[in-house]
Amino acid sequence: ASTSTPSDPELVQYVADRLKKLKPSKKEALLNSIGAMFQFQGGISDADKEKLLSELVKRHHIIVTENNRIRYPE
């Protein structure tokens with residue numbers, strides 16, 4: 001089982017690449033997508049999903065608008 005932390009750059013990049021293909025348009029859907037990516041590694045906690053989300057935002061992979069819509073910068 002992988003024990004990488006949500007701020008691990010490679011993990012963040014992996015999630016970002018997957019999300020760019022899936023393109024969930026709402027925060028809820030995005031968190032569900034992240035959850036699905038980890039279900040085979042024993043799951044991911046809601047806290048870790050939120051941490052990953054903030055890393056994705058911090059690294060400019062996604063933009064969360066004020067009404068929790070997700071945008072993907074070109």
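# Exercises on a predicted model

His61 is placed in the loop between α3 and β1. The exercises below concern a predicted model.

## Exercise 1. The surroundings of His61

Determine whether His61 is buried or exposed, and identify which residues surround its position.

**Solution.**

Step 1. The relative accessibility of His61 is 11%. The cut-off for a buried residue is under 20%, so His61 counts as buried.

Step 2. Neighbours within four places in sequence are set aside; His61 is then in contact with Val12, Gln13, Ala16, Lys20, Leu56, Tyr72 and Pro73.

Step 3. One residue of that list, Lys20, also takes part in a polar contact: its side chain and that of His61 are joined at 3.5 Å.

## Exercise 2. Backbone and exposure at His60 and Asn68

State which sign phi takes at His60 and at Asn68, and classify the exposure of His60 and of Asn68.

**Solution.**

Step 1. His60 is found in the loop between α3, residues 46-58, and β1. Its phi is near 60°, a positive value in a residue other than glycine.

Step 2. With a relative accessibility of 63%, His60 is classed as exposed, the cut-off for that class being over 50%.

Step 3. Asn68 belongs to the loop between β1 and β2. Although Asn68 is not a glycine, its phi is positive, at about 65°.

Step 4. The relative accessible area of Asn68 is 40%. This value falls between the limits of 20% and 50%, so Asn68 is partly exposed.

## Exercise 3. Thr65 in its loop

Establish where Thr65 lies, whether it is buried or exposed, and which side chain it meets in a polar contact.

**Solution.**

Step 1. The loop that holds Thr65 runs between β1 (63-64) and β2 (70-71).

Step 2. A relative accessible area of 15% places Thr65 among buried residues.

Step 3. The partner is Asn67: the side chains of Thr65 and Asn67 make a polar contact of 2.6 Å.

## Exercise 4. The end of the chain

Describe the place of Glu74, its exposure and its separation from Leu22.

**Solution.**

Step 1. Glu74 is located in the segment after β2.

Step 2. Glu74 counts as exposed, at 98% relative accessibility.

Step 3. Along the chain, Glu74 and Leu22 are 52 residues apart; their C-alpha atoms are separated by 15 Å.

## Exercise 5. The chain as a whole

Give the order of helices and strands, and assess how the radius of gyration relates to the globule rule.

**Solution.**

Step 1. Three helices and two strands are present in the chain, and along the sequence they follow the pattern α-α-α-β-β.

Step 2. The radius of gyration is 11 Å, close to the 11 Å given by the globule rule for 74 residues, so the chain is as compact as a globular protein of that length.

Step 3. The C-alpha trace spans about 35 × 20 × 20 Å along its principal axes.

Step 4. Of the 74 residues, 34% are buried. Among contacts between residues at least 6 apart in sequence, 44% join residues at least 24 apart.

Step 5. The chain exposes about 4,900 Å², and carbon and sulfur atoms supply 50% of this area. The chain has 12 positive and 10 negative charges, whose mean positions are 4 Å apart.

Methods: Residues numbered from 1 in each chain as written. Predicted model: local features only at pLDDT ≥ 70, side-chain atom pairs only at ≥ 80, totals over all residues. Heavy atoms only, no water. Helix = DSSP H or I, 4+ residues; strand = E, 2+ residues; numbered from the N terminus. Rg over C-alpha atoms; globule rule 2.2 N^0.38 Å. Buried < 20%, exposed > 50% of the residue type's maximum accessible area, 1.4 Å probe, protein only. Contact = heavy atoms within 4.5 Å. Areas by Shrake-Rupley, 256 points an atom, 1.4 Å probe, with all protein chains shown as cover. Lys, Arg positive; Asp, Glu negative; His and termini not counted. Charge placed at Lys NZ, Arg CZ, Asp CG, Glu CD. Polar contact = N/O pair within 3.5 Å; in protein donor to acceptor, adjacent residues only side chain to side chain.
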